[in-house]
Amino acid sequence: MSLSASKITTGDEHFESLTQRALELGATAARVIRTDQVVFDPRSHFKCRFGCSRWGRYWTCPPHTILNQDQFDKAFAHYGRAMVVQTKDAKDSQDVTVTLEKEAMLQHGCPFAMALALCDLCSECAYPEPCRFPHLARPSMDCYGIDIAATVEPLGLQVDFDPQGEAMPAFYSMVLLD
Ligand code: SF4
């Protein structure tokens, strides 16, 4: 699938404006999905805790995310729709989803943005000093057990290849909408 702007394939019509807004903000693709399409795999906790160099170094990664899985699950259960956002750059991913979260909040109650893997706002996280941008930092999806690849692949959103066969990077984030 091309990284060019793509159209919403699922979701209610009234979310189409948010999808278009995501594309205007720099997303290469955006999809509104039902939250029961978000795939959870508790094995991701293994990958966070062992083998990830970011463990314990970011305010947005375990064990510093403060909300435990039970608290997250209870909050997640209140959402029926989410937007999956694809960008070419990790920082863009965070910028687009947090902007969407703040704009969607005016229309849809209590949206919440999540990052793919890490906060990309600072070259080095300030941890253990206070977060420099707490109004912009959002937690990783991985740390709450979301399998992002299994979530986006059924939507046709995977890493693409250029004409030379080189993999083109794609970063994914998510906004829980309503
Ligand atoms: S904004 Fe900076 S200090 Fe705060 S979590 Fe992100 S990288 Fe760390």
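Tutor: Two strands are said to pair if DSSP finds at least two bridges between them, where strands (E, at least two residues) and helices (H or I, at least four residues) are DSSP runs numbered from the N terminus. This is a predicted model, in which local features need pLDDT of at least 70 and side-chain atom pairs count only at pLDDT 80 or more, while totals for chains, interfaces and linings use all residues. Residues are numbered from 1 along each chain as its sequence is written.

Student: In what order do the elements of the protein chain run from the N terminus on?

Tutor: The inventory comes before the order: the protein chain has five helices and six strands. Writing α for a helix and β for a strand, and starting at the N terminus, the elements run α-β-α-α-β-α-β-α-β-β-β.

Student: Which strand pairs with β6 in the antiparallel sense over six bridges?

Tutor: Strand β3 (112-114) also pairs with β6 (171-176) in the antiparallel sense, but over three bridges, and there the bridge partner of Met-114 is Met-174. A residue standing opposite Tyr-172 of β6 is Gln-86. The antiparallel pairing with β6 over six bridges belongs to strand β2.

Student: In β2, which residue is the bridge partner of Arg-31?

Tutor: Strand β1 (residues 29-34) and strand β2 (residues 81-87) form an antiparallel pair with six bridges. Because five of the six residues of β1 are buried (20 or more other C-beta atoms, placed from the backbone, within 10 Å of their own), this strand is largely enclosed by the rest of the structure. Across the pairing, Arg-31 has as its bridge partner in β2 the residue Val-84.

Student: How many of the residues of β6 are buried?

Tutor: In a regular strand the side chains alternate between the two faces of the sheet. On one side of β6 the buried residues are Phe-171, Ser-173 and Val-175, and on the other they are Tyr-172, Met-174 and Leu-176, which leaves both faces covered. The strand β6 is therefore mostly covered, and its count of buried residues is six of six.

Student: Which element gives the most residues to the largest nonpolar core?

Tutor: A nonpolar core is a set of buried Ala, Val, Leu, Ile, Met, Phe, Trp, Tyr and Cys residues joined through C-beta atoms within 7 Å. The largest one has 45 residues, and those with the most contacts inside it are Ala-82, Met-83, Val-84, Val-85, Met-174 and Val-175. At least two of its residues come from each of α1, β1, β2, α4 (90-108), β3, α5 and β6. With five residues, the element that gives the most is β6.

Student: How wide is the arc covered by the buried residues of helix α1?

Tutor: An α-helix has 3.6 residues a turn, so residues three or four places apart point the same way. The face of α1 (residues 16-24) turned away from its buried side carries Ser-17 and Glu-24, which are exposed (12 or fewer such C-beta neighbours). The buried residues of α1 are Leu-18, Thr-19 and Ala-22. Taking the directions from the helix axis to the C-beta atoms, these three lie on the same side of α1, because they cover an arc of only 105°.

Student: Does Ile-66 count as buried or exposed?

Tutor: Ile-66 is found in the loop between α2 and α3, and its phi is positive, about 70°, although it is not a glycine. Because Ile-66 has 9 C-beta neighbours inside 10 Å, it counts as exposed.

Student: What is the omega of the peptide bond from Tyr-127 to Pro-128?

Tutor: A cis peptide bond also joins Pro-62 to Pro-63, with omega near 0°, and Pro-63 lies in the loop between α2 (43-49) and α3 (69-76). Pro-128, by contrast, is found in the loop between β3 and α5 (148-152). The bond from Tyr-127 to Pro-128 is cis too, with omega near 10°.

Student: How many nonpolar residues does the shell around the ligand have?

Tutor: Counting residues whose C-beta atom, placed from the backbone, lies within 6 Å of the ligand, 13 residues surround it, the closest being Cys-119, Cys-122, Cys-125, Ala-126 and Cys-131. Ala, Val, Leu, Ile, Met, Phe, Trp, Tyr, Cys and Pro count as nonpolar, Asp, Glu, Lys and Arg as charged, and the others, Gly among them, as polar. The shell has one polar and one charged residue, and its number of nonpolar residues is 11.
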